[in-house]
Amino acid sequence: MGDDAVPRVVRRGWCVYDGCVELPVDVLGLTYDFWFRLAEADDNLEAGELPTEPDADGLLYYVRFRRAGDTATPTWPDSGGTADIEVAVRAAEALAPSPIRWEPPAQ
């Protein structure tokens, strides 16, 4: 994969695990459908399956807990992709073990 494989952290936050360990949480922006490409590479696509379309900025948004903050490739998101960043934020909040303290969005 080329430069489009580099994850872009578009939202960053922290949640608390087991009441005492602070863990990072990312919402990643990728220019491609991660799960579609993985299934394609494994020759495991369903007949007629198409990738999820990105938003107007050309991104799909994914939640990541494992390796949050890491921008090295490859990455492994912990959710499906969505073309709506707010849907990804709500998904992260639903998956987190505690409320997420989000950094303000980048301007």
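**A walk from Trp76 to the sheet**

Trp76 is partly exposed, with a relative accessible area of 44%. That makes a handy place to begin a tour of this model, which is predicted. Trp76 sits in the loop between strand 3 and helix 2. Leaving aside residues up to four places away in sequence, Trp76 touches Phe34, Trp35, Leu38, Arg64 and Arg66. Gly48 makes a useful contrast: 28 residues separate Gly48 from Trp76 along the chain, and their C-alpha atoms are 25 Å apart.

Now let us look at the rings. How many aromatic pairs does a search of the whole structure find? The search turns up 3. In one of them, the ring centres of Phe34 and Trp35 are 4.7 Å apart and the planes meet at 85°, so this pair is edge-to-face. The angle is what decides the label, because planes over 60 degrees apart count as edge-to-face. Trp35 also pairs with Trp76: here the centres are 5.5 Å apart and the planes stand at 90°, so this pair is edge-to-face too. Since Trp35 belongs to helix 1 and Trp76 to the loop between strand 3 and helix 2, the contact ties together parts that are 41 residues apart in sequence. Through such ring pairs, Phe34, Trp35 and Trp76 are linked into a cluster.

The members of that cluster meet the surface in their own ways. Phe34 is buried, at a relative accessible area of 8%, whereas Trp35, with 29%, counts as partly exposed. The reasoning rests on a cut-off: buried means under 20% relative accessible area, so Phe34 qualifies and Trp35 does not.

Helix 1 itself spans residues 34–41, and its buried residues are Phe34, Phe36 and Ala39. What covers these buried residues? The cover includes strand 2 (21–30) and strand 3 (60–64). At the N-terminal end of helix 1, Asp33 acts as a cap, with a side-chain oxygen 3.3 Å from the backbone nitrogen of Trp35. Just after the helix, Asp43 adopts a positive phi of about 55°. There is also a charge over a ring to look for: Arg37 lies over the face of Tyr32, 4.2 Å from the ring centre.

From the helix we can move on to the sheet. Its 4 strands are arranged in the order 3-2-1-4, forming an open sheet with antiparallel pairing. Which strands are at the edges? They are strand 3 and strand 4 (101–102), each of which pairs on one side only. Strand 1 (residues 8–17) runs antiparallel to strand 4, and 2 bridges join them. If you want to find this pairing on screen, look for Gly13, which stands opposite Trp102 in strand 4.

Our last stop is the cysteines. A search of the whole structure finds 0 disulfides. Why is Cys15 not bonded to Cys20? The closest cysteine sulfur to that of Cys15 is in Cys20, and at 12 Å the gap is too far for a bond. The cut-off for a disulfide is a pair of sulfur atoms within 2.5 Å, so a separation of 12 Å does not meet it. The two residues also contrast in their surroundings: Cys15 is buried, with a relative accessible area of 1%, while Cys20, at 62%, counts as exposed.

Notes:
Residues are numbered from 1 along each chain as its sequence is written. This is a predicted model: local features need pLDDT of at least 70, side-chain atom pairs count only at pLDDT 80 or more; totals for chains, interfaces and linings use all residues. Side-chain values use heavy atoms; hydrogens and water are left out. Buried means under 20% relative accessible area, exposed over 50%, partly exposed in between (1.4 Å probe, protein chains only). Helices (H or I, at least four residues) and strands (E, at least two) are DSSP runs, numbered from the N terminus. Contact means heavy atoms within 4.5 Å. A polar contact is a pair of N or O atoms within 3.5 Å; within protein, one must be able to donate a hydrogen and the other to accept it, and residues adjacent in sequence count only if both atoms are side-chain atoms. Rings of Phe, Tyr and Trp (its six-membered ring) pair if their centres lie within 6.5 Å; planes under 30 degrees apart count as stacked, over 60 as edge-to-face and the rest as tilted. A charge sits over a ring if NZ of Lys or CZ of Arg is within 6 Å of the ring centre and within 35 degrees of the ring normal. Two strands pair if DSSP finds at least two bridges between them.
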